[in-house]
Amino acid sequence: MAMVDYVNVNTQSSDTCMGSAYPSGQLSQHVHQTLHAVRKPGYVFSHWVDGVVSPQVVSYDNPRSVLLTQDSTFTAVFRPSRRYHVEGRTHNPDRGAVFGSGDFFEGDTITLHAVPNSGFAFAYWSNGSTRNPAHIVVDRDTLLSAVFRRCEVLRVDALTSDHSRGYVSGGGYYNEFDVATLRASPQLNYVFHHWNDSCTDNPRSFSVTQDTAFTAFFVSLDAIGNVDEASSFFSLSPNPARSVVNVSVSLQAAPLSQCRLAVVDASGLERLSLPLNGPDTSIPLDNLSPGTYFVVLHSPKGSFTQRLVVN
């Protein structure tokens, strides 16, 4: 039977009025041991000091894992807790309230309860958490707001200006603050142009906060602007292209931050969409099959198209 060697370990507190530490005694040598510092109310663990003759700070972990190789002394150092204010608020007092606010000692674990009024339900906290109640380990002044949603569902209508030109998917019933995504799909030889609020994002996503209706407008590919007019607003290079096409947009289309590029196939289906971050943009074509496509520039000045051949 193998012999087990032991070392003498003294795990102690710098001030027993503030806390304690363990384990101590004869422990197995060459084995990892977990040290624990236990604070008393009104105090928090600060750090570990190792040794007696020349003590030094070696760790801020609690619990802490150590490899025991020799007789050792480990001292847990505590300090008085600071006082912090934790406040729970509601984004709308008509929808609900939050309970549990107050002043607490550092290291305390406190609970905030979000309580909705009739007809509403808790949605999330301002830090993104959806847990209610919220459990917080106090380490700073904290402000947390509860967001409540209406219990009744909201309606999103996805409409088209002309069924012969295209259709829209994504409409239906949603809870408040759900994210709805509408997609406008054109019929053959048509292309999506804009929504009724002038937005050109397709698909478009938004947070549902009320009953909403959006209508998609489509135009024929021949009506988006002729090539001569489009060439004064942007150019394509190379064309034909294989893996990437470079787009240079004229300042005539400014402001560029309100412009968007789309690649549309011959059936009118939008295959790629990307915003403009500057006058020069590269469009990757690796996922497009060889064929004829249309690059559409949506801008405050209108929408303009150029034919693109992908080899």
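Let's start with Leu285: leaving aside residues up to four places away in sequence, Leu285 touches Ala241, Arg242, Ser243, Val244, Val245, Leu308 and Val310. Keep in mind that this is a predicted model.

Leu285 also belongs to a bigger group. The largest nonpolar core has 22 residues, and those touching the most other members are Phe234, Leu261, Ile283, Leu285, Val295, Leu297 and Leu308. Two or more residues come from each of these elements: β23 (234-237), β24 (244-249), β25 (260-265), β28 (291-299) and β29 (302-310). In soluble globular proteins, nonpolar side chains tend to be buried together.

Now for the rings. Searching the whole structure turns up nine aromatic pairs. Take Phe45 and Trp48: their planes sit at 55 degrees, with centres 5.6 Å apart, so this pair counts as tilted. Phe45 has a relative accessible area of 17%, so it is buried, and Trp48 is buried too, at 0% relative accessibility. Phe122 and Trp125 make another tilted pair, with 5.3 Å from centre to centre and 55 degrees between the planes. Both Phe122 and Trp125 are buried.

Which residue joins Phe45 and Trp48 in a cluster linked by ring pairs? That would be Phe78.

Finally, a couple of arginines lie over ring faces, as the table shows.

| Arginine | Ring | Distance from the ring centre |
|---|---|---|
| Arg83 | Phe105 | 4.6 Å |
| Arg204 | Phe214 | 4.0 Å |

So there are two themes to look for here: a nonpolar core with Leu285 among its members, and aromatic rings that pair up or have an arginine over the face, as Phe105 does.

Definitions and conventions:
Residues numbered from 1 in each chain as written. Predicted model: local features only at pLDDT ≥ 70, side-chain atom pairs only at ≥ 80, totals over all residues. Heavy atoms only, no water. Core = buried A, V, L, I, M, F, W, Y, C linked by side-chain atoms within 4.5 Å. Buried < 20%, exposed > 50% of the residue type's maximum accessible area, 1.4 Å probe, protein only. Helix = DSSP H or I, 4+ residues; strand = E, 2+ residues; numbered from the N terminus. Contact = heavy atoms within 4.5 Å. Phe/Tyr/Trp six-rings, centres within 6.5 Å; stacked < 30°, edge-to-face > 60°. Lys NZ or Arg CZ within 6 Å of the ring centre and 35° of its normal.
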